[in-house]
Structure formats: C-alpha cells, structure tokens
Amino acid sequence: MDAPVLDYLRKYNFKKVQLVNDSATGLRGVIAIHSTALGPATGGLRMWTYENEQAAILDALRLARGMTYKYAAAGLDLGGGKAVIIGDPAKDKSEALLRAMGRFIDQLGGEYITGEDVGTTLDDMEVIFSETDHVVTLPVHCGGAGDISPATALGTIEAMRACAERVWGSPDLSGRSVALQGLGVVGSKALGLLAEAGAKVVVTDIDPAKVQWAKDTYGVEAVAPDAIYACDVDIFAPYALGGIINDDTLAQFKVKVVAGAANNMLAEERHGDELERRGIVYAVDYVANSGGTIYDTDRLRKGGFQPERAMAKVREIYARTHEVFAIAERDGIPCYQAADRLAEARIAALTAVKLLG
Ligand code: NAD
C-alpha cells in the first residue's frame, strides 16, 4: 500500500497526528505531535497555501520533528510539535477560523503548545489565546516575551564566537571580516552586535532601503545580493534564505566559518559533508538560531518569564556549539549530524531516567 504519511510516522516514531476540520469557518488543518518525551509538544502554527493535503501533512510532520531536535539540543524540557492551517493568510484568515483552531488545540489538553510561524502573527496568537491557554508566543501585554529577534540574534553571535574560537583559537570577533546576508529583523540586530564586537562587516539585502540603513547606521560596505558569496572574508553569516549552502555558493566561498540565523541552511545533507571536506566550520542552523525560542519559551519554565534567566540560557549557545564540535570530533561525523546526536542523546538520557523512575 502506498502510504507516505503513515510510513513517515513509522519511520520517525511519531506520537500522533490530528487532522482538523471546521466546516463553519473553513478551517482545514493538521496538528502534528512528534514527541512529548521531554515535555509538551511545542512549535508554531503555519498558514500556507499547500499544493495538496498530503504536502500540508508532510510539512507539519517534518517541522514537528525538527522542533523535537531543536528543543532537545537547546536544553529545553519541551517536545516537538507543529500545526498547519491550509489557506492563504492574506485571504482566508479570520478571527472565527483562528478561534476554531484554538479550540482544537485546547482539546489536546496541553499535549501541544502553539506559537507564531510563517503566515501567523502575534496578533493571531492573541486571538487563539482567547480559546486556549496553550499558546507560548504572545505579546507582552498577554504575558509573553514579545519580540524574540534580539535573542535570536544574540544566540547566532554566540555560535559564531564558538566557531571563531575553533578556527582561530579565540572567540573574539574584533577584526574578523563577516559577509552578512539579510538585514531583516534578526540580521539587522546581528549587525549591531557585530559592529559592537569590532567585526568588519560587508552586507547585502534585496531591499535597498535596508542596505542604506545599514550604511548610514554602521558605516558598513555593501555588495549586490549575488556578490555576497564570493566576498574575501572570514565568515559567511546568512540571515535571509534557507538552502543557502549549495553547490553554487560552495564553489564561491572563501570563508572559514558559516554561522547565522537562516533556517534549513543546507540545500541537501551532502552540502554539510562538503563544508566539512572543505574545512569550513559550520554552526548548525537549528542550534545557532535557537535563541528566540529559548527566550520565548522561558515563560513555560518554573516561575514564569524571567528575561535575565532567558538571556543567560541564550548565551549557552556558545557552549552548545562547542559540544557539537566535540561530538563531531569524537564520532568522526560532520557537525550537522553531531547536532542531531546531541539532541538524541539528551532525549535518550532523560527518557531512561524517567523509565527507571
Ligand atoms: P526577515 O524577513 O525579517 O528578514 C529577511 C531579510 O532577508 C529581509 O530583509 C529580506 O529582504 C532579505 N532577503 C531575502 N532574500 C534575500 C536575498 N536573496 N539576498 C539578500 N537578502 C535577502 O526574517 P528574519 O525574521 O530576520 O529571519 C531571517 C532568517 O532567520 C530566516 O531564515 C528565518 O527563518 C530565520 N530565523 C528567524 C528567527 C526569528 O527570531 N525571527 C528565529 C529562527 C530562525
């Protein structure tokens, strides 16, 4: 029998997937719960126009599994989940539809906790919060952490410092040259931190206004979007697109380090092997960019949201990146595999403790 979804569930040991439908509001969606081994399955709610329902389900599953690894590697007591609404956020989103989704999430009794993702906003989360307590990403006035991008940016710079230490023997970024791609909410803050650290940054963005802002604010040099990969610099820092480590960009790189915030940086796993072969040190994307989620989910920890505690945990990304290097060296594997091993080892260790009582 051809059963791609069920095969995927079996292959990656999924706990549960729920399809949701609410005919009155037009809601059609998926809630995927990969693992609750470390805690409630947590992950954002995506709204997207999928080609077909199978694509929507598989996307939810893939993303949920990614969250299991992200939280486990970040040292958080959360499992992996993700929800998807099929539809165009610009046309199909309504208060009634979001509230219907909120009621489905509520029925899971806390097994799944939702948050913002592509196609949903903090305002949407506030709407869902009126139906269920199981929402983590919330505006400050609802008890949430608000803007998480400064924490994401800080985490990526901590990861970059760990990479610098591995390559040059010192985490100090002063005098290091960095090619930064993408001056959005995270990239612009990372640029500020790099300038503060004394790095020499060359930037690019497809939005000329953002490039002008960077030049005016930090006096940095800028290049055309296509020219960023071939810059003769120490570090490539991607803050824009996924799949940015690919055959084309690898052929142009002169850098010794890749570290930034972009999700799913490797176009294919073999590109992670290729980075290794070329001696380029890679700060694994989901470890490096976990600062925002660490900050965001602090409100689920004992005592509720404590910004200083949250930022201290974000800074641990420096040590965690070194842990990934150590596993890679010990096991003779590339960093992207070592990060998965770090996450799996933590789940196995804590699950064993739980089983033993
Ligand atoms: P954003 O949309 O605010 O910024 C992206 C920027 O990249 C924009 O300024 C855009 O103009 C630019 N860009 C797009 N295509 C480009 C190209 N070809 N060349 C140069 N610039 C280009 O997004 P963001 O929230 O800053 O996130 C950046 C990356 O980090 C994304 O991959 C995102 O998934 C990831 N990430 C973000 C967070 C967060 O806290 N926001 C957390 C984890 C991961």
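Colleague: In which strand is the place of T204?

Modeller: In this predicted model, T204 belongs to strand β8, which covers residues 200–204.

Colleague: Is T204 buried or exposed?

Modeller: The reading rests on relative accessible area, where a value under 20% counts as buried. T204 has a relative accessibility of 1%, and it is therefore buried.

Colleague: Which residues does T204 touch, apart from those up to four places away in sequence?

Modeller: With those neighbours set aside, T204 touches L180, Q181, G182, L183, V211, V223, A224, P225 and I228. For V223 there is also a C-alpha distance: T204 and V223 are 5.6 Å apart in space and 19 residues apart in sequence.

Colleague: Q181 appears in that list. Where does Q181 lie?

Modeller: Q181 is part of strand β7, residues 177–181. Its relative accessibility is 6%, so Q181 counts as buried. Beyond four places in sequence, Q181 touches T204, I228, Y229, F236, A237, P238, Y239, A240, L241 and I244. I228 is thus listed for Q181 and also for T204.

Colleague: How should one read L191, and in which helix does L191 lie?

Modeller: L191 is in helix α6, which spans residues 185–197. With a relative accessible area of 0%, L191 is buried. Leaving aside neighbours within four places in sequence, L191 is in contact with L180, L183, V201, V203, W213, A214, Y218 and V220. As for A310, the C-alpha atoms of L191 and A310 are separated by 21 Å, and these residues are 119 residues apart along the chain.

Colleague: At what angle do helix α12 and helix α13 pack?

Modeller: Helix α12 (residues 307–315) and helix α13 (residues 317–331) pack at about 25°, and their axes are 5 Å apart. An angle under 35 degrees counts as roughly parallel, and α12 and α13 are therefore roughly parallel to each other. On the α12 side the contact is made by K313, V314 and R315, and on the α13 side by I317, Y318 and A319. By class, this contact has four nonpolar, no polar and two charged residues.

Colleague: How many disulfides does a search of the whole structure find?

Modeller: A disulfide is a covalent bond between the sulfur atoms of two cysteines. The search of the whole structure finds zero disulfides. C163 is in no disulfide, and its nearest cysteine sulfur, that of C335, is 7.7 Å away. C163 counts as buried, because its relative accessibility is 0%. C231 is likewise in no disulfide; the nearest cysteine sulfur is that of C163, 19 Å away. C231 is buried too, with a relative accessible area of 12%.

Colleague: Which sign does phi have at N13?

Modeller: N13 is not a glycine, yet its phi is positive, at about 55°. N13 is found in the loop between α1 (4–11) and β1 (16–22), and N13 is exposed, with a relative accessible area of 63%. N264 is also not a glycine and has a positive phi of about 50°. The loop that holds N264 runs between β11 (257–258) and α9 (269–277). N264 is partly exposed, at a relative accessible area of 49%.

Colleague: Finally, into which domains is the chain divided?

Modeller: The chain is divided into domain 1 (5–66 + 78–142) and domain 2 (149–291 + 319–343). The C-alpha centres of domain 1 and domain 2 lie 30 Å apart.

Methods: Residues numbered from 1 in each chain as written. Predicted model: local features only at pLDDT ≥ 70, side-chain atom pairs only at ≥ 80, totals over all residues. Heavy atoms only, no water. Axes fitted to C-alpha atoms, helices over the stretch in contact; angles between N-to-C directions. Helix = DSSP H or I, 4+ residues; strand = E, 2+ residues; numbered from the N terminus. Parallel < 35°, antiparallel > 145°, perpendicular 65-115°, else oblique. Contact = heavy atoms within 4.5 Å. Nonpolar A, V, L, I, M, F, W, Y, C, P; charged D, E, K, R; others polar. Domains from an automatic or database assignment. Disulfide = S-S within 2.5 Å. Buried < 20%, exposed > 50% of the residue type's maximum accessible area, 1.4 Å probe, protein only.
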